[in-house]
Amino acid sequence: GAEWWGGASHGGRVPVCVYLPYNLLYTMLSALTLLVCYSVVISAESVQPGLMSALPPALRIKLPREVIFTTTNVLLSDVQVTTIVGTGNLSSYTYLHSAYGPLTLIVRPCSAAINITVYHVAQTTTGFLKDYIQGRPGSPLDVSRGLKLHIFSWPEAPAGLYLLDLVAEIHETEVTMYASNELPAALRIKSQPRARIQPRLHRDRVTLRWDQSVVDPQMMNYCVVVSSKRNYSSLCEAYSDPGMSKFENRQYKKGDNTKSQGKNKVLGPPLRKDDVFITCVGAGLSYTISNLEKGREYFFNIFAQNRHTNLSFLYGSKYLRYNPKLRPIGLKDNKPKTVNIRQLGGRVLFRYKVGVKMAHAYNSTLSWHVMPCGSAVTVELRLRRVVVVPRQVVEGHRYLQVPHPQPGNRYTLLVYVANPRDLRQILGVEVLATMRTSPLPQLPPEVTVHEYESLRTCDSVTVGWVPTRSQFVRYCVSASRVSFTESQGHFWPQPNQCNLDNRLRSQLDFTVKQCQDFTANDNTNVLVQTITKLRPGKEYLIQVTVKKIKGKALSYDLLRVRTKSKCKG
């Protein structure tokens with residue numbers, strides 16, 4: 001319902017009520033109010049002078065009592081409705097524009113081309129709605145035809161009754177209609193890639209993910225259309241497809257949080273060639289599709305739908321020719337490669353070929369360095385499907401060796417995340433393979449840094465670690481203050497080895513940093529360093545790094561220490 005005030009015939013104020021039911025769902029709720037208000041009055045003052053000079057002083061529309069409960073051809077503002085348009089008689093729909101200003105009418109055919117004619121209707125002698133529909137003016141405001149999305153938009157439209165005549169060209173079709181005093185923001189934003197496909201650990205499924213809509217994010221629900229035939233431009237077009245085989249609707253309660261809304265839904269039975277699958281996931285931002293067939297094409301269309309206005313629009317599209325076989329990533333000798341294992345679904349395959357010149361010019365050992373960025377991974381090294389290095393879990397850094405590799409051999413390293421939950425923590429994995437002397441130092445089996453608590457003072461701590469056997473290296477020990485918030489969180493001692501040199505160069509929050517050069521000595525089993533200039537009673541994060549000359553750095557495990565609160569004497 002709505003209320004307008006205008007005109008001068010009643011002291012400058014004319015109360016007007018409009019209650020027009022647009023479908024049967026609202027008939028019972030609107031019955032009592034419709035018995036009270038039978039007419040609509042639009043004052044001539046609401047019409048811009050000069051644009052509609054033929055419009056009489058007032059436009060009055062009467063709804064007789066007998067048609068109150070059968071009127072279904074009236075459009076309400078900002079509510080999308082669906083109807084069926086045939087090929088014979090015209091289907092007419094009306095919209096009452098209450099005041100001079102912007103106006104947008106949107107008509108979308110679902111399965112067949114239609115012809116649309118738009119009129120602005122003047123006053124009739126009787127004032128009945130049916131007489132407005134029958135008394136069309138000679139020249140329409142606009143016309144359009146085809147299967148496309150039809151948008152009629154006027155930045156300055158006079159108030160009054162707008163009539164839409166629709167007829168299908170070939171066969172009947174469903175049509176969605178939407179009227180508003182402005183062009184919906186969802187149709188004004190520029191199209192951009194908002195969807196991405198993430199392979200899963202199970203080889204027959206992928207997960208479709210998308211970002212939350214920037215337009216009315218709290219009002220949007222999302223529907224996913226999966227097909228092996230083609231893309232769909234609208235949700236009603238997918239519903240109208242004869243191959244539409246399955247529909248699922250997931251509803252979320254008001255109390256659901258973002259985490260529960262983001263859970264995946266899995267499509268079970270495999271799609272046949274002509275099938276179209278539609279599922280609505282509420283406010284969820286991902287959907288997992290399973291039972292994919294090798295070599296088949298898949299079209300994924302995501303539609304956003306405003307649950308208040310029912311207006312839906314194409315939000316994102318992706319195409320996939322499904323091939324479950326992992327494509328190996330080639331490695332060049334002594335060149336590290338970092339990949340985002342999360343985007344690859346938690347599985348990645350690296351391949352390295354032993355060159356003929358490499359095997360003869362350098363040492364006879366193939367070295368692999370594996371550094372997960374943020375969490376643990378599982379690795380396995382193979383040669384022609386024969387396991388060379390069995391599966392093992394890697395945290396932080398792992399050094400693998402293959403003695404006496406043959407020239408021309410291609411080694412493949414499988415890296416995967418065993419637990420899908422760990423994908424939230426890991427950012428990537430860095431791998432280096434070489435027949436030369438590695439730029440990375442060889443960490444000892446024991447990478448823990450120990451504190452000598454008996455030597456702790458109010459302004460210093462003493463730590464020790466097992467040295468590397470690499471020649472000519474530099475050790476750096478840094479101490480950084482731990483904030484109160486960090487001290488309350490979970491402490492993960494394994495460091496992130498990826499891109500460590502760049503992060504060390506940009507690190508400015510350390511309190512103390514001490515470095516020393518070292519040459520490997522079999523008689524030195526432990527290196528000891530006292531860190532001074534600390535503050536009493538404070539907690540610090542200790543990090544020990546080792547770096548080859550003109551090489552790259554690696555880090556030992558992290559250590560948290562606390563100085564004594566009081567100084568002696």
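**Entry 1: Y315 and its partner**

I looked up Y315 and found that its relative accessibility is 4%, so it counts as buried, since buried means under 20% relative accessible area. I note at the outset that the model I am reading is a predicted one. Which residue has a ring that pairs with the ring of Y315? The partner is Y222, and because the two planes stand at 55°, with the ring centres 5.8 Å apart, I entered the pair as tilted. I then asked where in the chain the two tyrosines sit, and found Y222 in strand β16 (residues 220-227) and Y315 in strand β22 (residues 312-321), so that the pair links distant parts of the chain, 93 residues apart. Y222 has a relative accessibility of 1% and therefore counts as buried as well. Widening the view a little, I saw that W210, Y222, F313 and Y315 form one aromatic cluster.

**Entry 2: a second aromatic pair**

My count of aromatic pairs in the structure comes to ten. Another of the pairs I looked up is W465 with Y475, where the ring centres are 5.7 Å apart and the planes meet at 50°, so this pair is tilted. W465 belongs to strand β33 (residues 461-465) and Y475 to strand β34 (residues 473-481), so the contact between the rings ties together parts that are ten residues apart in sequence. Are these two residues buried or exposed? W465 is buried, with a relative accessible area of 2%, and Y475 is buried too, at 1% relative accessibility.

**Entry 3: the protein as a whole**

I stepped back to take stock of the protein, and noted that its secondary structure comes to eight helices and 39 strands. Of its 569 residues, 47% are buried. I also checked how far apart in sequence the contacting residues are: among contacts with a separation of 6 or more, 75% join residues that are 24 or more positions apart. The protein exposes about 30000 Å², and 51% of this area is supplied by carbon and sulfur atoms.

**Entry 4: the nonpolar cores**

I turned next to the interior, where the largest nonpolar core has 29 residues, and those with the most contacts inside it are F350, W368, L413, V415 and V429. Which strands each supply at least two residues of this core? I listed β25 (347-353), β26 (365-373), β27 (377-383), β28 (386-394), β29 (398-403), β30 (410-416) and β31 (428-434). The largest share, four residues, comes from β27.

I followed F350 in more detail and, leaving aside residues up to four places away in sequence, found that F350 touches I329, L331, K337, V339, Y411, T412, L413, V415, V429 and V431. There is also a second, separate core of 24 residues, which includes V473, A479, L534 and L554.

**Entry 5: salt bridges**

Side chains of opposite charge can pair when their charged atoms come close. I searched the whole structure for such pairs and found 13 salt bridges.

In one of them, the side chains of R230 and E237 meet at 2.7 Å, N to O. R230 is partly exposed, with a relative accessible area of 33%, whereas E237 is buried, at 16%. These two residues are not on their own, as K229, R230, E237 and D241 are linked in a network of salt bridges.

In another, the side chains of E380 and R391 meet at 3.1 Å, N to O. I found E380 in strand β27 and R391 in strand β28, eleven residues apart, so that this pair links distant parts of the chain. E380 is buried, with a relative accessible area of 7%.

I also looked up R456 and E451, whose side chains meet in a salt bridge of 2.9 Å, N to O. R456 is partly exposed, with a relative accessible area of 21%, while E451 counts as buried at 17%; the cut-off I had to keep in mind here is that buried means under 20%.

**Entry 6: a nonpolar patch on the surface**

Last, I looked at the surface, where Y452, L455, V526 and V528 form a nonpolar patch that has about 330 Å² of accessible area together. I checked V528 from this patch and found it in strand β36 (residues 527-531). Its relative accessible area is 47%, so I noted V528 as partly exposed.

Terms used: Residues numbered from 1 in each chain as written. Predicted model: local features only at pLDDT ≥ 70, side-chain atom pairs only at ≥ 80, totals over all residues. Heavy atoms only, no water. Buried < 20%, exposed > 50% of the residue type's maximum accessible area, 1.4 Å probe, protein only. Contact = heavy atoms within 4.5 Å. Areas by Shrake-Rupley, 256 points an atom, 1.4 Å probe, with all protein chains shown as cover. Core = buried A, V, L, I, M, F, W, Y, C linked by side-chain atoms within 4.5 Å. Phe/Tyr/Trp six-rings, centres within 6.5 Å; stacked < 30°, edge-to-face > 60°. Patch = residues over 30% accessible without salt bridge, like charges linked within 9 Å, V, L, I, M, F, W, Y side chains within 5 Å. Salt bridge = Lys/Arg side-chain N within 4 Å of Asp/Glu carboxyl O.
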